[in-house]
Amino acid sequence: MGSVIIGTGSYLPTKKVLNSDFLAHRFFEKDGIEITKDNEEIISKFVAITTIEERLYASDDLVASDMGLMAAEEAIKSSGIDPETLDYIIVAQNFGDISPEKLLPDVLPTLAARIKHKLKIKNPECVAYDIPFGCPGWLQGVIQADYYLRSGDAKRILVIGTETLSRITDPHDRDSMIYADGAGAVILESQDNDRGILSHKTRSDTFEEAYYLYSGGSSNADFTDNNLYIKMDGRKIYEYALTNVPLAIKQTLDKAGHGLKDVKKILIHQANGKMDEAILKRLYKLYNETQISEDIMPMTIAKLGNSSVATLPTLLDLILKGELENHQIEKDDIIVFASVGAGMNINAVVYRY
């Protein structure tokens, strides 16, 4: 039996935010000392490190569950299924629904329950729940779905990733320029063939790494709004990802009985453009390969930013619908998905189309 993706969908917010929109910001170090460098220099260095030129923010009338609903509706439409036949709805998210007025996480009821309600699904056997697992949450939802499908507990599962990171970013933190909003979704179905998910791998490092990403107050001590914002130790995350993500991918490929030369595309969580490039180089080094295959790693971060759990399903949907130039996925292609994020968590999936 195979866990096969039969439908995809995504929602891209309409509000485009350019790097130039941050020129008027006052940036502070985490110790509260104001950065005196010119913002043009700060932004130039930021682009060199991350490759991000712009990002998308949700409009004020939308929250994460709204975007997740639209991505889900698109996935359902592309699959052609009756939503009443879904056995599970798994929603990856980390901050719930955050309104632009209150900036407080709202997770009661769960986003999965809200989306199921908005889809008007009456079937009580369709189980809806959320999974907070950092940026790898959507891929972990796919892994959980694979377990359900292979066990015979389910036939069809909707997995959504949706987030409004723009609403929990500190405007006085340079890292705020990384984050974006969006939603993506897939529907997986149990099918009697050799396609779909071939293998997967997950790891959680918390002994020293648990607080590489964390919630904290503003870096500007005078900015006393009592909100908690997403914070990170970027250097430690970079080193952790570079050391462990390539290894996790190789272990997953080994488990599937495939090598790097079998892989058509590697879809990595869009966290940082330069970091993803370094991960790819390190992966090739594990195979003693120096020539990286052209167009093997599609990227969207330069224009879409980092939307956490939404980056991978959005990337997949754009490719499958022909909206990402020079990238296609065809029958029998071997695809690798991989993600890294808060926890610290890493996961990878090997998939045959």
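The legends below describe close-up views of a predicted model.

**View 1. Helix 2 crosses helix 3.**
Helix 2 covers residues 64-79 and helix 3 covers residues 111-118. Their axes come within 9 Å and cross at roughly 55°. That angle makes helix 2 oblique to helix 3. The crossing of the two helices is right-handed. On the side of helix 2, the contact is made by Ala64, Ser65, Asp66, Gly68, Leu69 and Ala72. On the side of helix 3, Leu111, Arg114, Ile115 and Lys118 take part. Sorted by character, the residues of this contact are five nonpolar, two polar and three charged.

**View 2. Asp66 in helix 2.**
Asp66 is one of the helix 2 residues that make the contact with helix 3. Its relative accessible area is 19%. Residues under 20% count as buried, so Asp66 is buried. Leaving aside neighbours within four places in sequence, Asp66 is in contact with Asp61 and Lys118. Lys118 belongs to the helix 3 side of the contact between the two helices.

**View 3. Helix 5 crosses helix 6.**
Helix 5 is made of residues 234-256, and helix 6 runs over 273-286. The two axes come within 9 Å and cross at roughly 45°. The helices are therefore oblique to each other. Helix 5 passes helix 6 in a right-handed crossing. From helix 5, the residues in the contact are Ile237, Tyr238, Ala241, Leu242, Thr243, Val245, Pro246, Leu247, Ile249 and Lys250. They meet Met275, Ala278, Ile279, Arg282, Leu283 and Leu286 of helix 6. The residues of this contact divide into 13 nonpolar, one polar and two charged.

**View 4. Lys281 in helix 6.**
The relative accessible area of Lys281 is 55%. The cut-off for exposed is over 50%, so Lys281 is exposed. Lys281 and Leu242 are 39 residues apart in sequence, and their C-alpha atoms are 9.4 Å apart in space. Leu242 is among the helix 5 residues that meet helix 6.

**View 5. Two residues with positive phi in the loop between helix 6 and helix 7.**
Asn288 lies in the loop between helix 6 (273-286) and helix 7 (301-304). Although Asn288 is not a glycine, its phi is positive, at about 60°. Asn288 is exposed, with a relative accessible area of 73%. Asp295 is found in the loop between helix 6 and helix 7 as well. Phi of Asp295 is near 65°, again a positive value in a residue other than glycine. With a relative accessible area of 34%, Asp295 is partly exposed.

**View 6. The cis peptide bond before Pro109.**
The bond from Leu108 to Pro109 is cis, and its omega is near 0°. Pro109 is placed in the loop between strand 4 (88-92) and helix 3. Helix 3 is the helix that helix 2 crosses in View 1.

**View 7. The cis peptide bond before Met344.**
From Gly343 to Met344 the peptide bond is cis, with omega near -5°. Met344 lies in the loop between strand 12 and strand 13. Strand 12 covers residues 334-341, and strand 13 covers residues 345-352.

**View 8. Surroundings of His25.**
His25 is placed in the loop between strand 2 (15-18) and helix 1 (39-50). Its relative accessible area is 27%, and His25 is partly exposed. Leaving aside neighbours within four places in sequence, His25 is in contact with Asn39 and Pro171. Phe95 is 70 residues from His25 in sequence and 24 Å from His25 in space, C-alpha to C-alpha.

**View 9. Two buried cysteines, Cys126 and Cys135.**
Cys126 has a relative accessibility of 3% and counts as buried. For Cys135 the value is 16%, and Cys135 counts as buried. A search of the whole structure finds zero disulfides. A disulfide would need a pair of cysteine sulfur atoms within 2.5 Å.

Key:
Residues numbered from 1 in each chain as written. Predicted model: local features only at pLDDT ≥ 70, side-chain atom pairs only at ≥ 80, totals over all residues. Heavy atoms only, no water. Axes fitted to C-alpha atoms, helices over the stretch in contact; angles between N-to-C directions. Helix = DSSP H or I, 4+ residues; strand = E, 2+ residues; numbered from the N terminus. Parallel < 35°, antiparallel > 145°, perpendicular 65-115°, else oblique. Left-handed = near helix turned anticlockwise from the far one by under 90°. Contact = heavy atoms within 4.5 Å. Nonpolar A, V, L, I, M, F, W, Y, C, P; charged D, E, K, R; others polar. Buried < 20%, exposed > 50% of the residue type's maximum accessible area, 1.4 Å probe, protein only.
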